[in-house]
Amino acid sequence: MSYTINQVAKMLGITTATIRYYDKEGLLPNLERRESGYRIFYDYEIETLKFIQIFKRAGMQIQEIKQYINLFMEGEITLEDRQKMLLTQKENLVKRRQEIEESMKELDSIIEFNQSALTSDAEKQLRDSARELIKRKEEEKNEISD
């Protein structure tokens, strides 16, 4: 069964512009076209687009995805290279997850500080102190200029 670009976009929840971009970048190497120039999608292209979505969510760049697809097109001889690419990407995701977890801890500390400031009026006291300091500086500056 064949599908139009609009049908595929709806099926996968992506835009037709995204699909055209992937095609332009060479990520759909076997994509056929009608005489009118319209793209014809079969189940193979839909599966390829699903893999592209997985790779994008995993943080792979378009050129890396293209390299993977090109290796895939070369056949089983490239299986080891493809596996290395996938393992490298997984390592990158693990590192990114650790960075995100650290950022979450830091944000939690800031949120906790802000919450205690909200309940203790510390923020108001800090603003009042800053205003008082600015006022004194202005008064000192005026005394010097007089």
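Start by selecting Ile40, which counts as buried because its relative accessibility is 8%; buried means under 20% relative accessible area, exposed means over 50%, and partly exposed is in between (1.4 Å probe, protein chains only). Ile40 sits in strand β2, residues 39-40. Helices (H or I, at least four residues) and strands (E, at least two) are DSSP runs, numbered from the N terminus. Before you go on, note that this is a predicted model, in which local features need pLDDT of at least 70 and side-chain atom pairs count only at pLDDT 80 or more, while totals for chains, interfaces and linings use all residues. Residues are numbered from 1 along each chain as its sequence is written, and side-chain values use heavy atoms, with hydrogens and water left out.

**Two distances from Ile40**

Keep Ile40 selected and add Met1: the two are 39 residues apart along the chain, and their C-alpha atoms are separated by 9.9 Å. Now swap Met1 for Thr88, which is 48 residues from Ile40 in sequence and 34 Å away in space, C-alpha to C-alpha. Thr88 belongs to helix α5 and is partly exposed, given its relative accessibility of 42%.

**Salt bridges**

Next, show the charged side chains. Side chains of opposite charge can pair when their charged atoms come close. Here a salt bridge is a side-chain nitrogen of Lys or Arg within 4 Å of a carboxyl oxygen of Asp or Glu. How many salt bridges does the structure hold? There are seven.

Select Asp23 and Arg39 for one of them: their side chains meet at 2.8 Å, N to O. This pair links distant parts of the chain, as Asp23 is in helix α2 (residues 16-24) and Arg39 is in strand β2, 16 residues apart. Are Asp23 and Arg39 buried or exposed? Both are buried.

Slide along to helix α5 (residues 79-120) and pick Glu80 and Lys84, which are separated by about one helical turn because they are four residues apart in that helix. Their side chains form a salt bridge at 3.8 Å, N to O. Glu80 is exposed, with a relative accessible area of 57%, whereas Lys84 is partly exposed at 47% relative accessibility.

Still in helix α5, select Arg96 and Glu99, where the closest N and O atoms of another salt bridge are 3.2 Å apart. The two residues are three apart, about one turn of the helix. Arg96 is partly exposed with a relative accessible area of 45%, and Glu99 is partly exposed with 44%. For a contrast in selection, bring up Asp23, Arg33 and Arg39, which salt bridges with shared partners join into one network.

**The largest pocket**

Rolling a probe the size of a water molecule over the atoms shows where empty space is left. On a 1 Å grid over the protein atoms alone, a pocket is an open set of points where a 1.4 Å probe fits, with protein on both sides within 12 Å along at least five of seven lines; lining residues have an atom within 4 Å of a point.

To see the lining of the largest pocket, select Tyr44, Glu47, Thr48, Phe51, Phe55, Tyr68, Ile69, Phe72 and Met73. About 170 Å³ of space lies in this pocket, where a volume is the space filled by probe spheres set on the grid points. Which helix gives the largest share of the lining? It is α3, with five residues; α3 spans 43-57, and α3 and α4 each supply at least two lining residues. By class, the lining has seven nonpolar, one polar and one charged residues.

**The surface patch**

Now reduce the selection to Tyr44, Phe72 and Met73, which form a nonpolar patch on the surface with about 280 Å² of accessible area together. Nonpolar patches join side chains within 5 Å, using residues with over 30% relative accessible area and no salt bridge. Met73 lies in helix α4, residues 62-74, and counts as partly exposed because its relative accessibility is 37%.

**Last stops**

Jump to Tyr21 in helix α2, which is partly exposed at 37% relative accessibility. Tyr21 is 35 residues from Lys56 in sequence and 14 Å from it in space, C-alpha to C-alpha.

Finish at Glu76, in the loop between α4 and α5. Glu76 is exposed, with a relative accessible area of 72%. Add Glu138 and draw a C-alpha distance: the two are 62 residues apart along the chain and separated by 77 Å.

Definitions and conventions. Patches are made of residues with over 30% relative accessible area and no salt bridge: like charges are joined within 9 Å, nonpolar side chains (Val, Leu, Ile, Met, Phe, Trp, Tyr) within 5 Å. Accessible areas come from the Shrake-Rupley method with a 1.4 Å probe; for residues, only the protein chains shown count as cover. Ala, Val, Leu, Ile, Met, Phe, Trp, Tyr, Cys and Pro count as nonpolar, Asp, Glu, Lys and Arg as charged, and the others, Gly among them, as polar.
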